[in-house]
Amino acid sequence: MTYPAVSTAVDLVNAPLLYKGKVRELYDLGEEVLIVVTDRISAFDYVLDPAVPEKGNVLNRLSAFWFGKTSELMENHVVHIDVDQLGGIVKDREALRNRIMVVRKAERIDIECVVRGCITGGGWRQYQETGKVNGIGLPAGLRKNAQLSQPIFTPAAKNDVGHDEDIPFEKMQELIGAELALELKEKSLKLFSFAREYCEERGIILADCKFEFGLLDGKVILIDEIFTPDASRFWAKDKYALDIEIDSMDKEPVRTYLSASSWDKNSTPDPLPAEVVEETTRRYLDIYHRLTGKSL
């Protein structure tokens, strides 16, 4: 049986809904949390219709893959990813197979830990205006998409409403304490270095990425998602160039379509055309295959 895209799991889970994000839904299992990764897709702060088949499947499996790969570098929140262990908590196991993760409850640290290996996106815009990124001075004359000699740590203060706010490291230290801030910086840079080398061997440039951390029994652990197309900017090496908008290996077809349309970005957009949805599914399946060597 082929299952359609999953827009929500609310009717499929016998547990209280804790939180519904743009893509993920969190359900309360008592001492643990059930994360369901849906096929919803967002762009420009809007959740779009229709959902993209297999997207949640790819995101969840990639997170599980990377959590496993990095477990010796950093403890994480994963308990298991086996829907069959959930018993009656899930009404339709096949619909949610490969898109669930049971995790330990941790206290989220309200900092988004961003590492940049290339000067692009929001970092490039900051650099153009100030010659700095999050207060970090960079050499003059850098070009868009240039690979930095050393990755930089550029945190953001998390806002549950609106955009996260880029902050200098000194501000992060004020918010959460100097010792914890330094630990998160060091762990983020180490994780980035590990993944960048892994991607390099597979013809992929990891341009930048973000991490979230939590506290469990006073210890820092890695939470949320890790090195997925929704939390990282992946470029195919053969598409890399300076001074252009590089076609990233994620939901770029959606952004390209919306940017070229007449949508005003202030109202709910019309449903995405079928060919855009299909191409986006293909992108997610491709990055999964290239990173893991496997197909869904």
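This is a short talk on how the two assigned domains of this protein chain meet, with a few words on the overall fold and two backbone details.

Keep in mind that the model is predicted. I will start with the whole chain. It has seven helices and 17 strands. Along the principal axes, the C-alpha atoms fill a box of roughly 60 × 50 × 40 Å. The radius of gyration is 19 Å, and a compact globule of 296 residues would come out near 19 Å, so the chain agrees with that expectation.

Now the domains. The assignment puts residues 1-105 in domain 1 and residues 107-239 in domain 2. Their C-alpha centres are 24 Å apart. How many residues are in contact across the boundary? On the domain 1 side there are 19, and they touch 22 residues of domain 2.

In terms of area, the two domains bury about 2000 Å² between them, and carbon and sulfur atoms account for 69% of that. Within domain 1, the residues that lose the most area to domain 2 are Trp 66, Leu 73 and Met 74; together they make up 34% of what that side buries.

There is a polar component as well. Seven residue pairs are in polar contact across the interface of domain 1 and domain 2. As for where the domain 1 side comes from, helix α1, residues 55-69, gives the largest share of what touches domain 2, with eight residues. By type, the domain 1 residues touching domain 2 are eight nonpolar, four polar and seven charged.

Salt bridges come next. The rule finds three of them across this interface. If you want one salt bridge to look at on the screen, take Lys 219 and Glu 75, where the side chains meet at 2.8 Å, N to O.

Last, the backbone. Most peptide bonds are trans, and most residues other than glycine have a negative phi. Two places here are worth pointing out against that background.

The first topic is a peptide bond. From Asp 49 to Pro 50 the bond is cis, with omega near -10°. Pro 50 sits in the loop that runs between β5, residues 46-48, and α1. That is the helix I mentioned for the interface, with its eight residues on the domain 1 side.

The other topic is a phi angle. Which sign does phi have at Asp 217? It is positive, about 55°, although Asp 217 is not a glycine. Asp 217 is in the loop between β15, residues 204-216, and β16, residues 219-223.

That is what I have; questions are welcome.

Methods: Residues numbered from 1 in each chain as written. Predicted model: local features only at pLDDT ≥ 70, side-chain atom pairs only at ≥ 80, totals over all residues. Heavy atoms only, no water. Domains from an automatic or database assignment. Contact = heavy atoms within 4.5 Å. Buried area = accessible area lost by both parts, 1.4 Å probe. Salt bridge = Lys/Arg side-chain N within 4 Å of Asp/Glu carboxyl O. Polar contact = N/O pair within 3.5 Å; in protein donor to acceptor, adjacent residues only side chain to side chain. Helix = DSSP H or I, 4+ residues; strand = E, 2+ residues; numbered from the N terminus. Nonpolar A, V, L, I, M, F, W, Y, C, P; charged D, E, K, R; others polar. Rg over C-alpha atoms; globule rule 2.2 N^0.38 Å.
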